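This report describes a single protein model for a reader who has not met it before. Please keep the sequence and the structure in view while reading.

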Amino acid sequence: MDVSNTRRIVLLGKTGVGKSSLANTILGEAHFKINHFNDSKMHCSPAVTKFVNRRSITLIDTPGFFDSVKSEEELKPEKVRCTTECAPGPHAFLIVLKVEKFTEQEKEVISKICEYFPENALQYAVVVFTHGDQLPEGMKMEEYVAQSQGLSDLVKKCGGRCHVVDNKYWKTSEEDDYRSNQFQVAELLNTIDKMVMENKRGYYTDEKLQEVERKIQKEEERIRQSSAKMSQEEIRNQARSNVFKNQVNNAVQTWIRRLMGFTVIAGLFVTVSAVLINSKFWREFCWYRS
């Protein structure tokens, strides 16, 4: 498999919208674990690379980055994993939403997405709706999106790119091609192809992704010199794994150092407070203030 020609696709969305199921629908096989219990501590599965419709694609699932219940510390290892998997940058972001009544909570998610992404990142984004069985009979996604100003604005920022699947009920449809996962996945991949061409075959990147890629390439060279029998794909995978472990270890050590620093400062504060309270100066100061 030619790794250099593989399209890297990152799935984003809050917990429970069906990101992992969407990934399995695109791949045509159950590679990603499905979380039916909305467990906020679930970690995302590793990336999966496969040929789909004569294309080599890598799908990278993510935890619920837009969930309000998750702390930055909970998400950090998974953010590191996803950044490592998609370095030097993704060719496409799939922003995954559900076909459902557009509530205040969904509006908040849309706001978070727009805050999370810089404007130029949305040039590489496609909005994909799951739970397509909730789409009213005969309605297309463009009509559904038009019912909400928030959705309309988001899809517009993504170049008008939106698709719909149903991971549970839609398999094939002899009556309506539109309500067929096979049809929608083919259309989605065509949309990604077109988007990549419009972006001059490029991918989204930033300073952090570029730094991770430099570390991966350095590790690749080290592995190549010590393991001549490994293929380029095996070297790449091993290098990514090693860099991920180092990144997580560094993040944990940084967190521990911060915690230790906070503990030391708190201890000093308690000690100084105790000394002051028991000192003659403090007692006289308090008497004077009263």
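Gln184 counts as buried because its relative accessibility is 3%, where buried means under 20% relative accessible area, exposed over 50% and partly exposed in between, with a 1.4 Å probe and protein chains only. The model is predicted, so local features need pLDDT of at least 70 and side-chain atom pairs count only at pLDDT 80 or more, while totals for chains, interfaces and linings use all residues. Residues are numbered from 1 along each chain as its sequence is written, and side-chain values use heavy atoms, with hydrogens and water left out.

Gln184 belongs to helix 6 (residues 181-198); helices (H or I, at least four residues) and strands (E, at least two) are DSSP runs numbered from the N terminus. Its side chain reaches the backbone oxygen of Tyr178 at 2.9 Å. Leaving aside residues up to four places away in sequence, Gln184 touches His163, Val164, Val165, Trp170 and Tyr178, contact being heavy atoms within 4.5 Å.

His163 leads to the sheet, since in strand 6 it is the bridge partner of Val128. Six strands form this open sheet in the order 2-3-1-4-5-6, with mixed pairing; two strands pair if DSSP finds at least two bridges between them. Strand 2 and strand 6 (162-164) are the edge strands, each pairing on one side only. The twist averages 30° from one strand to the next. Two of the pairings are set out below.

| Strands | Direction | Bridges |
|---|---|---|
| strand 2 (residues 48-52) and strand 3 (residues 55-60) | antiparallel | five |
| strand 5 (residues 125-130) and strand 6 | parallel | three |

Thr49 stands opposite Thr58 in strand 3. The hairpin of strand 2 and strand 3 has two residues between the strands, and Asn53 takes a positive phi near 50° there.

Helix 5 (residues 149-157) lies across strand 4 (92-98), strand 5 and strand 6, running at about 140° to strand 5; axes are lines fitted to C-alpha atoms, for helices over the stretch in contact, and angles run from 0 to 180 degrees between N-to-C directions.

The largest nonpolar core has 34 residues, and those with the most contacts inside it are Phe93, Leu97, Phe129, Met141 and Tyr144. Such a core is a set of buried Ala, Val, Leu, Ile, Met, Phe, Trp, Tyr and Cys residues joined through side-chain atoms within 4.5 Å. Apart from it lies another core, of 24 residues, including Val128 and Val165.

How values were computed
Polar contact = N/O pair within 3.5 Å; in protein donor to acceptor, adjacent residues only side chain to side chain.
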